[in-house]
Amino acid sequence: MKLAEALQERADLNRKIEQLNSRLSNNALVQEGEQPAEDPEKLKQELDASVSRLAYLMAQINLTNCQTVADGQTLTELIARKDALLLKLHVYRDAVYAGSQTSYRARNTEIKIKAAFSVTEWQAEVDRMSKEVRLLDNKLQACNWSTELLE
């Protein structure tokens with residue numbers, strides 16, 4: 001199985017577990033003398049099997065990411081770099097948005113509000129980081145589809 005396939009299955013399992021959680025909640029209580037729409041014990045078995053499979057996949061994905069090297073870095077390092085860059089990018093974008101807001105004055109006597117930093121320079125940095133995230137993501141996707149999941 002390719003790493004990308006394992007990642008897709010992991011995402012599917014996470015969605016399935018959320019759905020099972022909801023279905024269990026919906027069938028936890030019934031009126032006396034009535035039957036639930038779905039058997040909670042069967043849902044529990046399905047949940048247990050899904051969680052076990054998810055735990056296995058997570059371990060194998062992490063192991064594979066730690067041992068697969070691309071451009072001198074493990075996939076784990078590339079993922080960490082991408083996640084950190086996305087966090088930084090989010091903050092920079094918020095700052096650029098805040099700095100770009102214009103405030104209108106009805107009269108010249110009102111206080112003038114202006115950006116405390118160069119919005120243009122920060123926007124250029126946002127653009128550079130966005131490109132770096134795209135390139136990192138492309139590299140990770142290529143590795144995911146060319147790497148076998150370690151068993």
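# Reading helices, loops and buried residues

Reader: Let's start with helix 2. Which residues are buried in helix 2?

Author: Leu43, Ser50, Leu54, Leu57, Gln60, Ile61, Thr64 and Asn65 are the buried ones in helix 2. Keep in mind that this is a predicted model.

Reader: And what do the buried residues of helix 2 pack against?

Author: They pack against helix 1, strand 2 and helix 3. One end of the helix has a nice detail too: aspartate 39 caps the N-terminal end of helix 2, with a side-chain oxygen 3.0 Å from the backbone nitrogen of glutamate 41.

Reader: How many Å should helix 2 span?

Author: Count 1.5 Å a residue, then compare that with the distance between the end C-alpha atoms. For the 28 residues of helix 2 the expected span is 40 Å, and the ends are 40 Å apart, so the two agree. Helix 1 has 24 residues and should span 34 Å; its end C-alpha atoms are 35 Å apart, which agrees. Helix 3, residues 75-100, has 26 residues and an expected span of 38 Å, and its 36 Å between end C-alpha atoms agrees as well.

Reader: Now for pairs of helices. At what angle do the axes of helix 1 and helix 2 cross?

Author: You look at two things, how close the axes come and the angle between them. The axes of helix 1 and helix 2 come within 9 Å and cross at roughly 150°. Angles over 145 degrees count as roughly antiparallel, so helix 1 is roughly antiparallel to helix 2. The crossing of this pair, helix 1 and helix 2, is left-handed.

Reader: What about the axes of helix 2 and helix 3?

Author: Those come within 5 Å and cross at roughly 95°. Therefore helix 2 and helix 3 are roughly perpendicular to each other. You can find the meeting place in the model: Asn62, Asn65 and Cys66 of helix 2 meet Leu75, Thr76 and Ile79 of helix 3.

Reader: Which residues of helix 3 are buried, and what do they pack against?

Author: Leu75, Leu78, Lys82, Leu85, Leu89, Ala95, Val96 and Gly99 are buried in helix 3. Their packing partners are helix 1, helix 2, strand 1, strand 2 and helix 4. In helix 1 the buried residues are Leu3, Ala4, Ala6, Leu13, Ile17 and Leu20, and their cover includes helix 2, helix 3 and helix 4.

Reader: Let's zoom in. Is threonine 68 buried or exposed?

Author: Start with the relative accessibility: under 20% means buried. Threonine 68 has 13%, so threonine 68 counts as buried. Its place is in the loop between helix 2 and strand 1. A polar atom of its side chain lies 2.7 Å from the backbone oxygen of threonine 64.

Reader: Which residues is threonine 68 in contact with, leaving aside neighbours within four places in sequence?

Author: Gln73, Thr74, Leu75 and Thr147. Now turn to one of those partners: threonine 74 is found in strand 2, and at 17% relative accessibility threonine 74 counts as buried. Not counting residues up to four places away in sequence, threonine 74 touches Asn65, Cys66, Thr68 and Val69.

Reader: I keep hearing about phi. What is the phi of aspartate 71?

Author: Here's the general idea first. Most residues other than glycine have a negative phi. Aspartate 71, though, has a phi near 55°, a positive value in a residue other than glycine. You'll find aspartate 71 in the loop between strand 1 and strand 2, and aspartate 71 is exposed, with a relative accessible area of 64%.

Reader: Where does phenylalanine 117 lie?

Author: Phenylalanine 117 sits in the loop between helix 3 and helix 4. With a relative accessible area of 27%, phenylalanine 117 is partly exposed. Leaving aside neighbours within four places in sequence, phenylalanine 117 is in contact with Ala95, Val96, Gly99 and Trp122.

Reader: How many Å separate the C-alpha atoms of phenylalanine 117 and glutamate 34?

Author: They are separated by 66 Å, with their positions 83 residues apart along the chain. For another pair, take leucine 135 and histidine 90: their C-alpha atoms are separated by 17 Å, and the two residues are 45 residues apart along the chain. Leucine 135 lies in helix 4 and is partly exposed, with a relative accessible area of 48%.

Technical notes. Residues numbered from 1 in each chain as written. Predicted model: local features only at pLDDT ≥ 70, side-chain atom pairs only at ≥ 80, totals over all residues. Heavy atoms only, no water. Helix = DSSP H or I, 4+ residues; strand = E, 2+ residues; numbered from the N terminus. Buried < 20%, exposed > 50% of the residue type's maximum accessible area, 1.4 Å probe, protein only. Polar contact = N/O pair within 3.5 Å; in protein donor to acceptor, adjacent residues only side chain to side chain. Contact = heavy atoms within 4.5 Å. Expected span 1.5 Å × (residues − 1). Axes fitted to C-alpha atoms, helices over the stretch in contact; angles between N-to-C directions. Parallel < 35°, antiparallel > 145°, perpendicular 65-115°, else oblique. Left-handed = near helix turned anticlockwise from the far one by under 90°.
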